[in-house]
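Student: Please take a close look at a single part of this structure, and explain how that part is built. I should like one connected account.

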2 protein chains.
Amino acid sequence: MTNKGRLIIISGPSGAGKGTVLSEVFRSNPNLEYSVSATTRAPRPGEKDGVNYFFVTREEFEQSIARGNMLEYAVYCGNYYGTPADFVERQRLRGRDIVLEIESCGARQVKEKCPDAISIFIMPPSLSELEKRLLGRGTEAPEVVAARIARAKEEIDSADFYDFKVVNDNVVRAAEEINEILKNN
Amino acid sequence: MTNKGRLIIISGPSGAGKGTVLSEVFRSNPNLEYSVSATTRAPRPGEKDGVNYFFVTREEFEQSIARGNMLEYAVYCGNYYGTPADFVERQRLRGRDIVLEIESCGARQVKEKCPDAISIFIMPPSLSELEKRLLGRGTEAPEVVAARIARAKEEIDSADFYDFKVVNDNVVRAAEEINEILKNN
């Protein structure tokens, strides 16, 4: 019998280097797989149902919400976007570990519905370090940096409920810390 | 008499280097200023009304929508977030150029209400170039890159209505192109 796969929630503010860390983690965990979201927006040319999204009608989406089948959902530009529980469950039963890369609002919804989900928040080393990164060559305009810092701080402040916080002081080290979390949970 | 300031909309997918380009643009245009959004979420410690956000009640926000005072708005995690037209207008009458850094959904709403807004979409040089950037050292996991490419493509596809598209092949060059747009519009 296959062990049931894990549900892994990853969040982090822009500028924390989430993408690079996640890449490392995927590379060393071939069993990880991104979840596929459902949406009511129309498919664009080249997009495939079940690959880019599950494309559903508004009625189907709302029925899915009503019967508790959306682990989390949000409305963007008049369209619903969400994570279908049945798809995630099917993958987990096949033994796959499913990764949800979502913002803290969605993460909180998932954590309430699936307390066994492993939630990880990737942090920049510190706000001053983030500032340094955002400042780049040191020539950047302070208004832009201030706005980005404020937005990152906002997201970090909403991260209390995550099971793990991983500081991305170094991509390889942060990825190893996540690998350890996944090994032990 | 002071000339009325411009309303400038900036969007672009994650990975296009929007932050760095904007920094350059702010640095060479001291008259630029970020807009302040209104929100119904509670202020966090350290946040100041009128600086980080205009903190308003749900009733106030909905009244503002009803009388057409929100240039764009969205709901995130049960809270409203939006751009108050009166604040933007006051700044513009003082001669300030106001920058809205928003996603394409909000940008479309603003453009409909303020056809004189200058909308600029910052593009990565090409999807293959974006792919190269996202791949970084070339060791990243293809799943992660594919997911990021798909998301960027989605945002680029929704960018038809922007007045200008600026390709960020080089930060300094892209910033100069935006400076030229601002000079001539």
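**The contact between the two chains**

Tutor: In this predicted model, 25 residues of chain B are in contact with 25 residues of chain A, where contact means that the C-beta atoms of two residues, placed from the backbone, lie within 7 Å. Local features need pLDDT of at least 70 and side-chain atom pairs count only at pLDDT 80 or more, whereas totals for chains, interfaces and linings use all residues. Residues are numbered from 1 along each chain as its sequence is written, and chains are lettered from A and ligands numbered from 1 in the order in which they are written.

On the side of chain B that touches chain A, the elements giving two or more residues are helix 1 (18-28), strand 5 (70-76) and helix 6 (142-157) of chain B; helices (H or I, at least four residues) and strands (E, at least two) are DSSP runs, numbered from the N terminus. The residues of this side divide into 12 nonpolar, 7 polar and 6 charged. Here Ala, Val, Leu, Ile, Met, Phe, Trp, Tyr, Cys and Pro count as nonpolar, Asp, Glu, Lys and Arg as charged, and the others, Gly among them, as polar.

Because 100% of the interface residues of chain B are also interface residues in chain A, the copies meet through the same surface. A turn of 180° with a shift of 0.0 Å along the axis lays chain B on chain A with an RMSD of 0.0 Å, by least squares on the C-alpha atoms of residues with pLDDT of at least 70 in both. The two copies are therefore related as by a two-fold rotation axis. In chain B, the C-alpha of Val75(B) is the one nearest the axis, 3.7 Å from it.
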